[in-house]
Amino acid sequence: WHYSKEEYGWINPETMAPIARSFLPGDLKTAITPSNITHTIAVQARESHEETQMLLDFASENEHICGVVGWVDLKDPNLRQTLKKYEGN
């Protein structure tokens, strides 16, 4: 994620300092390499199409991210179109 205090208000920077920062694919690669983990799944942290697309982009650019659990608004009257947009990603 791209951390910002405004978007992640549930993170208390004093008591949750280790996660009060951005975590990007390079950070993930550094964390998994010593454990011989070769593939991961990225899971959205915000309810936004922008974050879902960002995670899909990360997955297409980084071989260690092999799947994405994204977000869509299941109440959206255009849900079928939205799902078509993500089909094949």
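In this predicted model, strand β1, which spans residues 40–43, has two unlike faces: Thr 40 and Ala 42 lie on the covered face, whereas Ile 41 and Val 43 lie on the uncovered one. Strand β1 pairs in the parallel sense with strand β2, residues 65–69, over 4 bridges, and the bridge partner of Ala 42 in β2 is Val 68. Together with helix α2, residues 49–61, these two strands make a right-handed β-α-β unit.

The elements of this unit also contribute to the pockets. The largest pocket has a volume of about 300 Å³, and of the 16 residues that line the largest pocket, Trp 1, Phe 23, Leu 24, Leu 28 and Ala 42 are the closest to its centre. Two or more residues of this lining come from each of α1 (25–32), β1 and α2, with α1 giving the largest share, 4 residues.

The second largest pocket has a volume of about 230 Å³, and of its 15 lining residues the closest to the centre are Thr 52, Leu 56, Val 68, Tyr 86 and Asn 89. Here α2, β2 and α3 (79–86) each supply at least two residues of the lining, and α2 gives the most, with 6 residues.

The linings of the two pockets divide by residue class as follows.

| Pocket | Nonpolar | Polar | Charged |
|---|---|---|---|
| Largest pocket | 13 residues | no residues | 3 residues |
| Second largest pocket | 8 residues | 6 residues | 1 residue |

Ala 42, on the covered face of β1, is thus listed among the residues closest to the centre of the largest pocket, while Val 68, its bridge partner in β2, is listed among those closest to the centre of the second largest pocket.

Note on methods
Residues are numbered from 1 along each chain as its sequence is written. This is a predicted model: local features need pLDDT of at least 70, side-chain atom pairs count only at pLDDT 80 or more; totals for chains, interfaces and linings use all residues. Side-chain values use heavy atoms; hydrogens and water are left out. Buried means under 20% relative accessible area, exposed over 50%, partly exposed in between (1.4 Å probe, protein chains only). Two strands pair if DSSP finds at least two bridges between them. A crossover is right-handed if, with the strands pointing away from the viewer, the path from the first strand over the helix to the second runs clockwise. On a 1 Å grid over the protein atoms alone, a cavity is a set of points where a 1.4 Å probe fits but cannot get out, and a pocket is an open set with protein on both sides within 12 Å along at least five of seven lines; lining residues have an atom within 4 Å of a point. Grid points are joined across faces, edges and corners, and a volume is the space filled by probe spheres set on the points. Ala, Val, Leu, Ile, Met, Phe, Trp, Tyr, Cys and Pro count as nonpolar, Asp, Glu, Lys and Arg as charged, and the others, Gly among them, as polar.
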